[in-house]
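Ready for some practice in reading a protein structure? Work through the exercises below, and try each one yourself before you look at the solution.

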Amino acid sequence: MEIPSIPLNTGAALPIFGLGTWQVKDDKELKTALRTALDAGYKLIDTAHIYKNEHIIGEVLHEYISTGKLKREEIFITTKLPLVAHAPEDVEKCVNGQLEALKLDYIDLYLIHCPCPCKHQEGSWFPLADDDGKLVFDTETTHIDTWKELEKLFHAGKLRALGVSRFSARQLEELYDLADVKPANIQVECHIYWQQENLRRLCGKLGVSLTAFAPLGSPGRKASRPDGNWPDGNPLLDPLVLTLAKKYRKSQAQILIRFLTQNGISVIPKSVNPQRIVENISSSDFELSEEDMHALEDKGKTRIKLFNLDFAIGHPLYPEED
């Protein structure tokens, strides 16, 4: 299946649809999901250092590329810098480790995963915590400090495009103004209950593409930190979404995905269910009516943010919303 793409300011093309891999660390489960996705025509795979699964993805990529099933230029890989590797002396070391794990010479899109740098334990990438178990913030490193190191790796060809994740609109604009290599993408929570209207307008103005994580509301999000503060909300069970799924004879997930992609937003829904992986990619074979798009846009008035970055509250660079 042919997947539409969004042009990046680097001249590259970001597939509008891909596979998210957050919370998938089981070797067999992830390999099955990846093979199903690649065989179904997925071109975008999204991961991160903190997901602890880059090495598994690397094995499958090597399998497909070395056997000729896939050319390197046919697949788009996004990964991210962990919040414990923002210090200038840590950036290249971390990126090199990720390239080795992914078995790649370059990464298509590399994002600063979180705007709140923290310190790591000596000799490892494990976060440093205080006696109360709270993260120890790095209050000395700025976004531009980290970005300058990423720009060096961009010019060296190791990173083909740069971006950020979970930054506020203000933080994105401030970085954009200071950067020599302009951000090409921002990845944020985006779904019918949290539609990022202000950020989307800014992205349009700056020419920055937007990728939605949790486009389905991430129903399994609480398993990542059971003791975290997780607002309630499930777009998959919204009455309007259920009604439209029946109307179009599609799944609720396909309705939610199509709403975003029809608005020019790249999406990376996570699934390890082979049937759903194939089902999700076929969300591009129909179009929502203008009336139904407006009805879904009205859901934005609900304003439920499902990921509040509560572990970083109090950090001087916490991304306050506009």
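**Exercise 1. Two helices side by side**

At what angle do helix H5 and helix H6 pack, and how far apart are their axes?

*Solution.* Keep in mind that this is a predicted model.

Step 1: Find helix H5 at residues 169-178 and helix H6 at residues 197-206. They pack at an angle of about 15°, and their axes are 10 Å apart.

Step 2: Put a word to the angle. Angles under 35 degrees count as roughly parallel, so H5 is roughly parallel to H6.

Step 3: Add the handedness: the crossing of H5 past H6 is left-handed.

Step 4: Look at the residues that meet. From H5 come Ala169, Leu172, Glu173 and Tyr176, and from H6 come Leu199, Leu202, Cys203, Lys205 and Leu206.

**Exercise 2. Another pair of helices**

Find out how H7 and H8 cross, and which residues meet there.

*Solution.*

Step 1: The axes of H7 and H8 cross at roughly 100° and come within 8 Å of each other.

Step 2: Angles of 65 to 115 degrees count as roughly perpendicular, so H7 is roughly perpendicular to H8.

Step 3: On the H7 side, Val241, Leu242, Leu244, Ala245 and Tyr248 take part, and they meet Gln252, Ile255 and Leu256 of H8.

**Exercise 3. How covered is H8?**

How many of the 10 residues of helix H8 are buried?

*Solution.*

Step 1: Helix H8 spans residues 252-261, and 9 of its 10 residues are buried. Among them are Ile255, Leu256, Ile257, Phe259 and Leu260.

Step 2: Ask what does the covering. The elements include strand E9 (209-213), helix H7 (239-248), strand E10 (266-267), helix H9 (274-281) and helix H10 (290-298).

Step 3: Zoom in on one residue of helix H8, Thr261. Buried means under 20% relative accessible area, so Thr261, at 11%, counts as buried. Leaving out residues up to four places away in sequence, Thr261 touches Ile16 and Val267.

**Exercise 4. An arginine in a loop**

Is Arg72 buried or exposed, and which side chain does its own side chain reach in a polar contact?

*Solution.*

Step 1: Locate Arg72 in the loop between helix H2 (54-66) and strand E5 (76-81).

Step 2: Arg72 has a relative accessibility of 13%, so it counts as buried.

Step 3: The side chain of Arg72 makes a polar contact of 2.8 Å with the side chain of Asp108.

Step 4: Beyond four places in sequence, Arg72 touches Ile65, Ile77, Leu104, Tyr106 and Ile107, as well as Asp108.

**Exercise 5. An annotated histidine**

Describe the surroundings of His113, which an unreviewed UniProt entry lists under "binding site".

*Solution.*

Step 1: His113 sits in the loop between strand E6 (109-112) and helix H4 (143-155).

Step 2: The relative accessible area of His113 is 13%, so this residue is buried.

Step 3: Set aside its neighbours within four places in sequence. His113 is then in contact with Ala48, Ile50, Tyr51, Lys80, Leu81, Ser165 and Arg166.

**Exercise 6. A serine for comparison**

Where does Ser284 lie, and how far is it from Leu153 in space?

*Solution.*

Step 1: Ser284 lies in the loop between H9 and H10.

Step 2: With 31% relative accessibility, Ser284 counts as partly exposed.

Step 3: From C-alpha to C-alpha, Ser284 and Leu153 are 35 Å apart in space, and they are 131 residues apart in sequence.

Definitions and conventions. Residues are numbered from 1 along each chain as its sequence is written. This is a predicted model: local features need pLDDT of at least 70, side-chain atom pairs count only at pLDDT 80 or more; totals for chains, interfaces and linings use all residues. Side-chain values use heavy atoms; hydrogens and water are left out. Helices (H or I, at least four residues) and strands (E, at least two) are DSSP runs, numbered from the N terminus. Buried means under 20% relative accessible area, exposed over 50%, partly exposed in between (1.4 Å probe, protein chains only). Contact means heavy atoms within 4.5 Å. A polar contact is a pair of N or O atoms within 3.5 Å; within protein, one must be able to donate a hydrogen and the other to accept it, and residues adjacent in sequence count only if both atoms are side-chain atoms. Axes are lines fitted to C-alpha atoms, for helices over the stretch in contact, and angles run from 0 to 180 degrees between N-to-C directions. Angles under 35 degrees count as roughly parallel, over 145 as roughly antiparallel, 65 to 115 as roughly perpendicular and the rest as oblique. A crossing is left-handed if the near helix is turned anticlockwise from the far one by less than a right angle, and right-handed if clockwise.
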